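Good morning, colleagues. Please bring the sequence and the model up on your screens, and I shall take you through the contacts and the backbone.

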Amino acid sequence: MITDWTCPEDEVPPMQSNGGADSNCVENGTRDLYVDEPLEVLMDTRLTGATAVGAMVQLDWESGTFKEVPVDITAVGQGEVEKFEYRQRIHEDGQIVVENYSTDTRALTATGTIGAMGLGDDADDATSGELEIDRFVSIAK
């Protein structure tokens, strides 16, 4: 989802659409990007950065046709990596099932282009998002 904001000088846009009660920013418009074909993304396992270069197939809502949109985005990890782990051991049908789930996340800023739209190319642009790696292992004994 990409949202265009107009904000007073030195104010950062809110993280969600509609601005919230404590924001002086005005939402100019939001565009949801629905990708119908996978786009290859290369990400560093330490979450220091990621790139997405190539083309994605995007539905043009006005014409009802699919169009290829060039993509060239670089994301840079910001701040610390946050880690979450969850483990459980289940006795099920005479077996023991051990499940391990972990996720690492890190905030990001992005630059580049999606079609003709630039990200982070103007002094007042603000980008945000999250890099994330999820792992799940399930072993039955």
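The link of Cys 7 and Cys 25 is right-handed, with 115° about the S-S bond. Please bear in mind throughout that this is a predicted model. The sulfur atoms of Cys 7 and Cys 25 are 2.1 Å apart, and the two residues are joined as a disulfide. How many disulfides does a search of the whole structure find? The search returns one.

What does this pair tie together? Cys 7 and Cys 25 both lie in the loop between strand S1, residues 2-6, and strand S2, residues 26-31, so the disulfide connects parts that are 18 residues apart in sequence. As for accessibility, Cys 7 counts as partly exposed, because its relative accessibility is 25%. Cys 25, on the other hand, is buried, at a relative accessible area of 10%; the cut-off for buried is under 20%.

Let me place these elements in the chain. There are eight strands and zero helices. Read from the N terminus, the order of elements is therefore β-β-β-β-β-β-β-β. Of the 141 residues, 23% count as buried.

I turn now to the salt bridges. The count comes to four, and I shall discuss some of them.

Consider Asp 104 to begin with. Is this residue buried or exposed? Asp 104 is buried, with a relative accessible area of 10%. Lys 83 forms a salt bridge with Asp 104, and the closest N and O atoms are 3.5 Å apart. Lys 83 belongs to strand S5, residues 65-92, and Asp 104 to strand S6, residues 95-114, so this salt bridge ties together parts that are 21 residues apart in sequence. Lys 83 itself counts as exposed, at 62% relative accessibility.

Arg 135 also forms a salt bridge with Asp 104, and here the closest N and O atoms are 3.5 Å apart. Arg 135 is located in strand S8, residues 129-140, and Asp 104 in strand S6, so the pair links parts that are 31 residues apart in sequence. With 37% relative accessibility, Arg 135 counts as partly exposed. Which residues, then, are joined into one network by salt bridges that share partners? They are Lys 83, Asp 104 and Arg 135.

Another of the salt bridges brings together the side chains of Asp 44 and Arg 46, at 3.2 Å from N to O. Asp 44 is partly exposed, having a relative accessible area of 21%. Its partner Arg 46 is exposed, with a value of 58%.

Next, the charged surface. Which residues gather in a patch of negative charge? The patch on the surface consists of Asp 4, Asp 121, Asp 122, Asp 124 and Asp 125. Among them, Asp 4 is found in strand S1. Asp 4 is partly exposed, with a relative accessible area of 45%.

I come now to the backbone. Most residues other than glycine have a negative phi. Against that background, two residues merit attention.

One is Leu 47. Leu 47 is not a glycine, yet its phi is positive, near 60°. Where is Leu 47 found? Leu 47 sits in the loop between strand S3, residues 41-43, and strand S4, residues 49-60. Leu 47 is buried, with a relative accessible area of 1%.

The other is Asp 93, whose phi is positive as well, at about 50°, although Asp 93 is not a glycine. Asp 93 is in the loop between S5 and S6. Is Asp 93 buried or exposed? Asp 93 is exposed, with a relative accessible area of 79%. Both residues with a positive phi discussed here are thus loop residues, Leu 47 between S3 and S4 and Asp 93 between S5 and S6.

Finally, a pair of residues separated along the chain. Ile 90 lies in strand S5 and counts as partly exposed, at 26% relative accessibility. How far apart in space are Ile 90 and Ala 140? From C-alpha to C-alpha, Ile 90 and Ala 140 are 9.3 Å apart, while in sequence they are 50 residues apart.

To review the main contacts: the disulfide joins Cys 7 to Cys 25, and the salt-bridge network joins Lys 83, Asp 104 and Arg 135. Thank you for your attention.

Notes: Residues numbered from 1 in each chain as written. Predicted model: local features only at pLDDT ≥ 70, side-chain atom pairs only at ≥ 80, totals over all residues. Heavy atoms only, no water. Disulfide = S-S within 2.5 Å. Helix = DSSP H or I, 4+ residues; strand = E, 2+ residues; numbered from the N terminus. Buried < 20%, exposed > 50% of the residue type's maximum accessible area, 1.4 Å probe, protein only. Patch = residues over 30% accessible without salt bridge, like charges linked within 9 Å, V, L, I, M, F, W, Y side chains within 5 Å. Areas by Shrake-Rupley, 256 points an atom, 1.4 Å probe, with all protein chains shown as cover. Lys, Arg positive; Asp, Glu negative; His and termini not counted. Charge placed at Lys NZ, Arg CZ, Asp CG, Glu CD.
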